[in-house]
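User: I would like to learn how to read a few features from a structure. Please take them one by one.

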Amino acid sequence: MAVNDSVADLAKQFLAENNFVGDQVVLELNNRFGSEINVSRVIAAKGENDIIDYIAFDGEKPESKSKWKVWFGNQGKIIDTPEEALDMRTDVTADYSQYLEQEWVKALRKKYKVKVNKKVLKSLEGK
């Protein structure tokens with residue numbers, strides 16, 4: 001992601017002129033462009049991420065809601081199944097976080113009794 005077309009074009013040219021692999025891409029682009037560019041590895045199915053749909057699946061260009069106005073792919077590919085553990089890291093982390101939250105809520109409910117103030121609840125019903 002880049003802050004504007006000019007930075008995106010310079011980054012694309014820089015990548016074309018150099019043969020960076022894996023995480024080296026992130027380091028080199030950060031060193032060269034600093035806070036004007038944001039590099040991230042993204043794995044998403046079609047329909048999960050508007051930006052990925054735009055870049056990889058010829059979807060509509062999403063409206064930018066941040067300082068990142070231009071998106072482009074580098075070394076991207078479409079895969080049917082995960083190829084390495086890193087491909088699933090985000091999903092596994094999200095699932096584990098959800099599990100931990102559910103267990104925390106269970107523990108809280110077991111430890112603390114829930115009391116409903118019916119008078120306050122009734123006053124909110126009309127609002």
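Analyst: The turns below go through a salt bridge, a core, a helix pair, a backbone angle and some distances. Keep in mind that this is a predicted model.

User: How many salt bridges does the structure hold?

Analyst: Look for a side-chain nitrogen of Lys or Arg within 4 Å of a carboxyl oxygen of Asp or Glu. The structure holds one such pair. Its partners are Lys-106 and Glu-103, at 3.3 Å from N to O.

User: Where do Lys-106 and Glu-103 lie?

Analyst: Both belong to helix α4, residues 89–111. They sit three residues apart, about one turn of the helix.

User: Are Lys-106 and Glu-103 exposed or partly exposed?

Analyst: Exposed means over 50% relative accessible area, and partly exposed runs from there down to 20%. Lys-106 has 53%, so Lys-106 is exposed. Glu-103 has 32%, so Glu-103 counts as partly exposed.

User: Now the core. Which residues of the largest nonpolar core touch the most other members?

Analyst: The general idea: in soluble globular proteins, nonpolar side chains tend to be buried together. Here the largest nonpolar core has 13 residues. Ala-11, Leu-15, Leu-29, Phe-33, Ile-37 and Phe-72 touch the most other members. Two elements give two or more residues to this core: α1 (5–17) and α2 (23–33). The largest share, five residues, comes from α1.

User: What does Leu-29 touch?

Analyst: Leave out residues up to four places away in sequence. Leu-29 then touches Ala-11, Phe-14, Leu-15, Gly-34, Ile-37 and Val-39.

User: How do I read the packing of α1 and α2?

Analyst: Take the angle and the axis separation together. For α1 and α2 the angle is about 130°, and the axes are 11 Å apart. Angles over 145 degrees count as roughly antiparallel, and 65 to 115 as roughly perpendicular. The α1 and α2 pair fits neither class, so the two helices are oblique to each other. α1 passes α2 in a right-handed crossing.

User: Which residues make the contact?

Analyst: From α1 come Val-7, Leu-10, Ala-11, Phe-14 and Leu-15. From α2 come Val-25, Glu-28, Leu-29, Arg-32 and Phe-33.

User: Next, the backbone. Which residue has a positive phi although it is not a glycine?

Analyst: Check the sign of phi together with the residue type. Asp-58 has a positive phi of about 55° and is not a glycine. Asp-58 is in the loop between α3 (50–56) and α4. Its relative accessible area is 72%, so Asp-58 is exposed.

User: What else sits in the loop between α3 and α4?

Analyst: Ala-85 has its place there. At 68% relative accessibility, Ala-85 counts as exposed.

User: How do I read sequence separation against distance in space?

Analyst: Pair the number of residues along the chain with the separation of the C-alpha atoms. Ala-85 and Gln-24 are 61 residues apart along the chain, and their C-alpha atoms are separated by 19 Å. Ala-107 and Arg-41 are 66 residues apart, with 36 Å between C-alpha atoms. For Asn-117 and Ala-8 the values are 109 residues and 56 Å.

User: Where are Ala-107 and Asn-117 found?

Analyst: Ala-107 is in helix α4. At 43% relative accessibility, Ala-107 counts as partly exposed. Asn-117 is in the loop between α4 and α5 (118–125). Asn-117 is partly exposed, with a relative accessible area of 47%.

Technical notes:
Residues are numbered from 1 along each chain as its sequence is written. This is a predicted model: local features need pLDDT of at least 70, side-chain atom pairs count only at pLDDT 80 or more; totals for chains, interfaces and linings use all residues. Side-chain values use heavy atoms; hydrogens and water are left out. Helices (H or I, at least four residues) and strands (E, at least two) are DSSP runs, numbered from the N terminus. Buried means under 20% relative accessible area, exposed over 50%, partly exposed in between (1.4 Å probe, protein chains only). A nonpolar core is a set of buried Ala, Val, Leu, Ile, Met, Phe, Trp, Tyr and Cys residues joined through side-chain atoms within 4.5 Å. Contact means heavy atoms within 4.5 Å. Axes are lines fitted to C-alpha atoms, for helices over the stretch in contact, and angles run from 0 to 180 degrees between N-to-C directions. Angles under 35 degrees count as roughly parallel, over 145 as roughly antiparallel, 65 to 115 as roughly perpendicular and the rest as oblique. A crossing is left-handed if the near helix is turned anticlockwise from the far one by less than a right angle, and right-handed if clockwise.
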